[in-house]
Structure formats: structure tokens, C-alpha cells
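Here is a short report on one protein model. Look over the sequence and the fold, then read on.

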Amino acid sequence: MIERLSEKYAYDEVNLVFARGLPLTRLKAGIARAPRMIVASGEADGWAWVVHLMHDAEEEDYDRVDYRPLCPTGTELVLFETEPCRGKGHGPAFTYYRDGRTVVHFSFEDLRQRVGDDPDHLSPELLAAGLIGPGNPCPSAGEDGHLCWEHSDADELRLLRTLAAYFTLPSPPFTPEVTRP
């Protein structure tokens, strides 16, 4: 997913956080308390957004950030973890928080394994985009010559477009291909 961030923000191991109902100043202050270095931020279309480093290597702090305190009642947070564990080869992950709760979380590697208070929150959108449901997951690797990796970039782009459209996310942090079909 890292290549889907604008080149300007394409740092290794970053998180992209969108907040609606929380001013940019409070979002940035919360991220700084984590403590994580912010590399880009902005506001657009009712959303505040921050791109921050996933870890604080100087302090040897490799724990995940707890975003729930940044999401009080009346606030929504959309989180993209671009490289949750680059060294171990884990793919990107997505989490949607509302009112301090984890509504839905999943890895880009397996959309069937969604967890949270409402794991089916995005099911209609994922189904309509052909990301879950009949025909998914892919046939077994090598079955009838099918190689899943050959379409993984297209699947990731379709997933990002689906999420950006559903939440009406602003485009500045993303490359144009994410927000324009």
C-alpha cells in the first residue's frame, strides 16, 4: 500500500490516519503523545489526516498506537497501516473506529477475517466491489494456472478505492489512481 500514498508521503513504515469530528490540532497532539513523528498532515472535505511513522526507533518503541483515546463520542477514525510488519512480510491493514470503539479491522491479505464490534460493517461495499463473496478467495495457487499475486495490485487498488469512496476520504494523501477510477 505504501506506493498508493502520494510520493510526497511515501515513507517506509507509516500509518495514515483520517479523523472526522476531531480537529487537526487535536489529532496531531494525540499522535505526538504516542509518541510518533508526523511526516505530513492536512484537512479536506471534513476530514483531518496525518501520516506518521509507525515506530519510534530512537526509543525502541515498536508497539502499535492505541487510537481509541483519539476517538471520543462523535468522532470517526480511519486507519491504514501501510506496512504493519515489513520484516515478517505482513501486508497492509485497515481499521475503522467510531466513538472510541473498533468497528471493523482487517488485513488486506484476507478480507474474510474481519473483526471488531461490527465485522460486517463494510460487507455490502466489499461484496459490490467483488472483493469478497462468490469467486473470492482466489482458487488454490497454481490451480488451472492461476497465480493470485498477478492481480494483487489491482485488488489492493480496488479495495482502496472502495474504502475511499465509502468514507468520502480526501485525496491529498493518496495517489490520483486511488481516488480516480
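F18 has 0% relative accessibility, so it counts as buried. The cut-off for buried is under 20% relative accessible area. F80 also counts as buried, because its relative accessibility is 0%. These values come from a predicted model.

What kind of aromatic pair do F18 and F80 form? The pair is edge-to-face. The ring centres lie 6.3 Å apart, and the planes make an angle of 85°. The pair links distant parts of the chain. F18 belongs to strand 1 and F80 to strand 4, with the two positions 62 residues apart in sequence numbering.

| Residue | Strand | Relative accessibility |
|---|---|---|
| F18 | strand 1 (residues 14–20) | 0% |
| F80 | strand 4 (residues 76–81) | 0% |

The rings do not stand alone. The structure holds 8 aromatic pairs. Ring pairs join F18 and F80 with W47, F94, Y96, F106, Y166 and F167 in a cluster.

Now the strands that carry the two rings. Strand 1 and strand 4 pair in the antiparallel sense, over 6 bridges. Within this pairing, L16 stands opposite F80 of strand 4. In general, strands of a sheet pair through backbone hydrogen bonds, either parallel or antiparallel.

Next, the whole sheet. It is open and has 7 strands, in the order 2-3-1-4-5-6-7. The pairing is antiparallel. Which strands stand at the edges? They are strand 2 (38–44) and strand 7 (110–115). Each has a single partner strand, so one side of each is left without a neighbour in the sheet. On average, neighbouring strands are turned by 15° against each other, direction ignored.

Helix 1 (residues 24–33) packs on this sheet. The helix touches strand 1, strand 2 and strand 3 (47–53). Its direction makes about 20° with that of strand 3.

Finally, the chain as a whole. The protein chain has 4 helices and 7 strands. Along the sequence they follow the pattern β-α-β-β-β-β-β-β-α-α-α. The chain has 181 residues, and 44% of them count as buried. Take the contacts between residues at least 6 apart in sequence: 55% of these join residues at least 24 apart. The F18 and F80 pair, at 62 residues apart, also links distant parts of the chain. The protein chain exposes about 9400 Å². Carbon and sulfur atoms supply 50% of that area.

Note on methods:
Residues numbered from 1 in each chain as written. Predicted model: local features only at pLDDT ≥ 70, side-chain atom pairs only at ≥ 80, totals over all residues. Heavy atoms only, no water. Phe/Tyr/Trp six-rings, centres within 6.5 Å; stacked < 30°, edge-to-face > 60°. Buried < 20%, exposed > 50% of the residue type's maximum accessible area, 1.4 Å probe, protein only. Contact = heavy atoms within 4.5 Å. Areas by Shrake-Rupley, 256 points an atom, 1.4 Å probe, with all protein chains shown as cover. Pairing = 2+ DSSP bridges. Axes fitted to C-alpha atoms, helices over the stretch in contact; angles between N-to-C directions.
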